[in-house]
Amino acid sequence: MSEHKPRSCSPAPATPESPGRPEKRPRLEALYDDEAVQKAAESTSNIISSTNNNGAKSKKPSRRNRKQKHALPEPYSPEFVIAKDVENLLGKKAVEQAIGDGTEWDAPLEQKEEIQVTVSCLSSTGDALCLVPARHKPWAIVAPLALPGETIRVRVYKHARLYSHADLLDVVTPNPEWRDMDRVQCKYFGKCAGCQYQMLSYKKQLDLKRDVVVKAYQNFSNLPESAITPIGTTIASPLEYGYRTKITPHFDAPPKSAQKAGAVDSENPPDWLKIGFNQVGTRKVMDIEECPIATPTLNESLGPLRKNIIEKIHTYKKGVSLLLRDSLEIPPTQANESQKFTDILTSSSEKHVCVTDHKGTVRERVGDKLFEYVAGSFFQNNNSVLLPLTSYVRDAIFPPSSTIADPSSHTARPRPTHLVDAYCGSGLFALTLAPHFGTVAGIELSADSIRSATHNAALNGLTNCRFMAGDAAHIFDTVQDFPRAETVLIIDPPRKGTDERFIEQLLAFACETVVYVSCNVHTQARDVGMILRKSEERDGRRYVLETLRGFDLFPQTAHVESVAVLRLE
Ligand SMILES: C[S@@+](CC[C@H](N)C(=O)[O-])C[C@H]1O[C@@H](n2cnc3c(N)ncnc32)[C@H](O)[C@@H]1O
């Protein structure tokens, strides 16, 4: 077996924060045309399809793997992101060779095989990426909860294209600089799929999340390096534990025999009864009665809720996903709106309660604003970070006074007066920013959330906001009278990102500033790449990426939120 030289899987080292507007950049290369963007977006699925690099069908998989289903991952799903990280780890040459040979699905390891490997780096999903020993062909192992430099023992349980998933059996040689098991606060850490990083210092977690943003733009934006602004350090969550305001523990339906047998002994529940979260790498539920990343209010409520379910478990015919939302208490007099909004704002109780009814109302405070929304609808899950997040977006929109006030500066811009909030939910960005704008318009697909946004505008005494229910792209029909030079557009789409139709209309609208907030930095990188490149192809001013920054909404996990600020140059 010829020796294969992997490419480094670590992104560029941390750079200091971007000092505001970047230097004028060279125009993007013509190379980045529509077709190339499309290819970039699909590059991973190209690699995982069964064609060789000449486009011809590859050879049949070996006998051992012939029966295995070669499922392609959903674009931009965690598996898709891992596939790209594996490709970078193995190196282009090795990947092309496997594709050419038609052996990219032929795992050199057996199912359940146990093997000792060294961790090369972490994937953007927080999993450890390892190369199988050199006696095998180039192949990677993806395992949870291990750290770069560590020697680990793993057991293979599933093959994918060019890599295998494995369970972590043992950390043979730990990485002493990174791993400190005394930091771990949850007794289920290592078994529950919820957290990946409790053994790391919080600083290391933030560094890793910055790396994820860097890699996402390297892998999926299809932009030249010169177009990607230096990425600052990840902004921390004020709470590292006890922050999660929503949890959804679940349980499976009881076996038929147990449904017939009647109530179980609630003091000694049967082994099959588990109420909690999924085990690492499986869809099996594990019993969890406390979650240290959830707020104290949710943990206090989880015990009685579990007890209640255990007592009547025999009555359930199906599995159930519970909802626990941390809410400020809403006194009955305020719930029916008999009290004036202004009185509610000043007298809102600061006592926390747990809402479990999907249709119930949840109230949260963000700075001096109150938000109410239907418990089953979307709201960010870490209240402690929402003031830093919305303040960051505000400061990005209204940069230091010098660049606005100094008309001789080439970066001088008129002060923004109009805000468009696409994907506005119950109005988080629209309403926290409304006092800084003359006019605000929001759009959102969920009718419940739009009702909440309209209600929240009144609750906070804001009269300059209007909200409509509908697809985000429809917002452009309703804001044609907004002065483009003084308009800011905020986009905060779901994980799948925005779409080409929206981007076309955004480019035609051409407002001065676009802020793209995202819970999936990989689709954000794809979309920002598309916006920059398409704006380059048009006559007139082009968009540049002014700042890009990760936000930590979920400490102890590998998840990162990302905020990109685009301006017309
Ligand atoms: C990540 S959430 C952001 C909500 C809000 N910005 C916040 O922070 O609370 C994305 C929102 O987009 C909405 N959404 C999904 N698809 C949409 C579409 N095609 N057009 C408009 N809104 C959509 C969802 O209902 C959800 O409320």
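## Tyr423 and its loop

With 23 C-beta neighbours inside 10 Å, Tyr423 counts as buried, since the bar for that label is 20 or more. This is a predicted model, and in it Tyr423 sits in the loop that runs between β15 (418–422) and α12 (428–433). The backbone there is worth a look: phi of Tyr423 is positive, about 60°, although the residue is not a glycine. For context, most residues other than glycine have a negative phi.

Tyr423 also turns up in the annotation. An unreviewed UniProt entry lists Gln380, Tyr423, Glu444 and Asp492 under "binding site".

## The overall picture

Stepping back, the protein has 569 residues, of which 42% count as buried. Its secondary structure comes to 16 helices and 21 strands. Take the contacts with a separation of 6 or more, and 70% of them join residues 24 or more positions apart.

## Two more annotated binding-site residues

Where does Asp492 lie? Asp492 is in the loop between β18 (487–491) and α15 (500–509). Asp492 is buried, with 24 other C-beta atoms within 10 Å. Setting aside neighbours within four places in sequence, Asp492 is in contact with Tyr423, Phe429 and Val517. So two of the residues that UniProt lists for "binding site", Asp492 and Tyr423, are in contact with each other in the model, given that their C-beta atoms lie within 7 Å.

Gln380 belongs to another loop, the one between β14 (369–374) and α10 (386–397). Is Gln380 buried or exposed? Gln380 is buried, because 21 other C-beta atoms lie within 10 Å and the cut-off is 20 or more. Once residues up to four places away in sequence are left out, Gln380 touches Leu386, Leu428 and Leu553.

## Cys519, the annotated active site

The "active site" feature, again from an unreviewed UniProt entry, is placed at Cys519. Cys519 is in the loop between β19 (513–518) and α16. Cys519 has 20 C-beta neighbours inside 10 Å and so counts as buried; the cut-off is 20 or more. Beyond the residues up to four places away in sequence, Cys519 touches Arg495 and Glu561.

## How α16 packs

Helix α16 (residues 521–537) packs with α15 at an angle of about 45°, their axes 10 Å apart. The two helices are therefore oblique to each other, as 45° is neither under 35 degrees nor in the 65 to 115 range. The crossing of α15 and α16 is right-handed. On the α15 side the contact uses Ile503, Leu506 and Leu507, while α16 brings Asp527, Met530, Ile531, Lys534 and Ser535. By class, the residues of this contact are 5 nonpolar, 1 polar and 2 charged.

What about α5 (202–220)? The axes of α5 and α16 come within 8 Å and cross at roughly 45°, so α5 and α16 are oblique to each other too. α5 passes α16 in a right-handed crossing. Here α5 contributes Val212, Val213, Ala216, Tyr217 and Phe220, and α16 contributes Val521, His522, Ala525 and Arg526. The contact of α5 with α16 divides into 7 nonpolar residues, 1 polar and 1 charged.

## Other loop residues

Leu162 has a positive phi as well, near 75°, in a residue other than glycine. Leu162 is in the loop between β4 (151–159) and β5 (163–173), and counts as buried because it has 25 C-beta neighbours inside 10 Å.

Thr229 is in the loop between α5 and β6 (246–247). Thr229 is buried, with 22 other C-beta atoms within 10 Å. How many Å separate the C-alpha atoms of Thr229 and His159? They are 37 Å apart, for residues 70 positions apart along the chain.

Pro331, in the loop between β11 (324–328) and α8 (332–335), goes the other way on burial. Pro331 is exposed, because 12 other C-beta atoms lie within 10 Å and 12 or fewer earns that label. From Pro331 to Pro435 the distance is 27 Å, C-alpha to C-alpha, with their positions 104 residues apart in sequence.

How values were computed: Residues are numbered from 1 along each chain as its sequence is written. This is a predicted model: local features need pLDDT of at least 70, side-chain atom pairs count only at pLDDT 80 or more; totals for chains, interfaces and linings use all residues. UniProt positions are given in the numbering used here, feature names are shortened, and annotations may be inferred rather than shown by experiment. Helices (H or I, at least four residues) and strands (E, at least two) are DSSP runs, numbered from the N terminus. Two residues are in contact if their C-beta atoms, placed from the backbone, lie within 7 Å. Axes are lines fitted to C-alpha atoms, for helices over the stretch in contact, and angles run from 0 to 180 degrees between N-to-C directions. Angles under 35 degrees count as roughly parallel, over 145 as roughly antiparallel, 65 to 115 as roughly perpendicular and the rest as oblique. A crossing is left-handed if the near helix is turned anticlockwise from the far one by less than a right angle, and right-handed if clockwise. Ala, Val, Leu, Ile, Met, Phe, Trp, Tyr, Cys and Pro count as nonpolar, Asp, Glu, Lys and Arg as charged, and the others, Gly among them, as polar.
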